[in-house]
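Visitor: I should like to examine a single part of this structure closely, beginning at one end of a helix and then following its surroundings outward. Please take me through it in one connected account.

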Amino acid sequence: MTSTPFNALLSTQIGNEFAASQQYIAVATWFANQDLPQLAQYFFRQSVEERNHAMMMVQYMLDRDIAFSIPGVPTVRNEFSTVTEPLALALQQEKEVTASIEALFRAARAEDDALGEQFMLWFLKEQVEEVAAMTTLLNIAERADNLFDIENFIARETVGDGGRDASAPVAAGGAL
């Protein structure tokens, strides 16, 4: 298959998803070092989810016989001053990913690539959930009287943890 703007954007997005996975590991580690195990676990799960998204895109490219390379990952941020900083970073990251997914959808539509457009629909739905979950988590952290309120909220609620989605695309090598 020939290279198209959609294919180039999707190759870049694979790198973005791996970068998000790495950033979430850094955030999870920071929370773990702050003795906030619920937040740490939440972001370790988010890291796996972002890795799975990248692998779904890899599988799609393989299935469509599109030549691509796995992009490198930029340096992640590891240090934060307050509990809200990594949450704000995560929300901003999810908003950026949403903009990228929207651009991918528009590119597929502009190329009259029905398969690419259909593939991106699941990711659009996923991004609505991701932005909503991170917004809620940041709002809770900003309102909390103490850090244990946030920990209790995460332990009690299923924010951003809807479990396996049977409609999700297949991940190369299988989802973790």
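Guide: The N-terminal end of α5 is capped by N146, which places a side-chain oxygen 2.8 Å from the backbone nitrogen of F148. The model is predicted, so local features are reported only at pLDDT of at least 70 and side-chain atom pairs at pLDDT 80 or more, whereas totals for chains, interfaces and linings use all residues. Numbering starts from 1 along each chain as its sequence is written, and side-chain values rest on heavy atoms, with hydrogens and water left out. Helices are DSSP runs of H or I with at least four residues, numbered from the N terminus.

From this cap, α5 runs over residues 147–156. Its buried residues are I150, E151, F153 and I154; buried means under 20% relative accessible area, exposed over 50% and partly exposed in between, with a 1.4 Å probe and protein chains only. Because these four residues span an arc of only 160 degrees around the axis, they lie on the same side of α5; the arc is taken from the directions between helix axis and C-beta atoms. F148, whose backbone nitrogen faces the capping oxygen, is found with A155 and R156 among the exposed residues on the face turned away from the buried side. The cover over the buried residues of α5 includes α2 and α4, where contact means heavy atoms within 4.5 Å.

This leads to the interior. The largest nonpolar core has 24 residues; such a core is a set of buried Ala, Val, Leu, Ile, Met, Phe, Trp, Tyr and Cys residues joined through side-chain atoms within 4.5 Å. Within this core, F31, L39, F43, L87 and L137 touch the most other members. At least two residues each come from α1, α2, α3 (84–110), α4 (114–143) and α5, and α4 gives the largest share, six residues. Setting aside residues up to four places away in sequence, F31 touches L36, L39, A40, F43, V83, P86 and L87. A second core, separate from this one, has 23 residues, among them I101, F105, W122 and A171.

Aromatic rings deserve attention next. Nine aromatic pairs are found in the whole structure; rings of Phe, Tyr and Trp (its six-membered ring) pair when their centres lie within 6.5 Å, and planes under 30 degrees apart count as stacked, over 60 as edge-to-face and the rest as tilted. Y24 and F43 make a tilted pair, with 5.4 Å centre to centre and 55 degrees between the planes. Since Y24 belongs to α1 and F43 to α2, this pair ties together parts that are 19 residues apart in sequence. Y24 and F43 are both buried. W30 and F80 form an edge-to-face pair, at 5.6 Å centre to centre and 80 degrees between the planes. W30 is in helix α1 and F80 in the loop between α2 and α3, so this pair ties together parts that are 50 residues apart in sequence. W30 and F80 are buried as well. Ring pairs also link Y24, W30, F31, Y42, F43 and F80 into a cluster.

The helices that cover α5 include α2 and α4, and each can be followed further. In α2 (residues 37–63) lies Q59, which counts as buried because its relative accessibility is 18%. The side chains of Q59 and D63 are joined by a polar contact of 2.7 Å, that is, a pair of N or O atoms within 3.5 Å; within protein one must be able to donate a hydrogen and the other to accept it, and residues adjacent in sequence count only if both atoms are side-chain atoms. In α4 lies L115, which counts as exposed because its relative accessibility is 53%. Apart from neighbours within four places in sequence, L115 is in contact with Y60 and R64. The C-alpha atoms of L115 and P86 are 36 Å apart, with these positions 29 residues apart along the chain counted as their separation.

Two loop residues complete the account. In the loop between α1 and α2 is D35, whose phi is positive, about 60 degrees, although D35 is not a glycine. D35 counts as exposed because its relative accessibility is 61%. In the loop between α3 and α4 is D112, likewise not a glycine and with a positive phi near 55 degrees. D112 counts as exposed because its relative accessibility is 73%.
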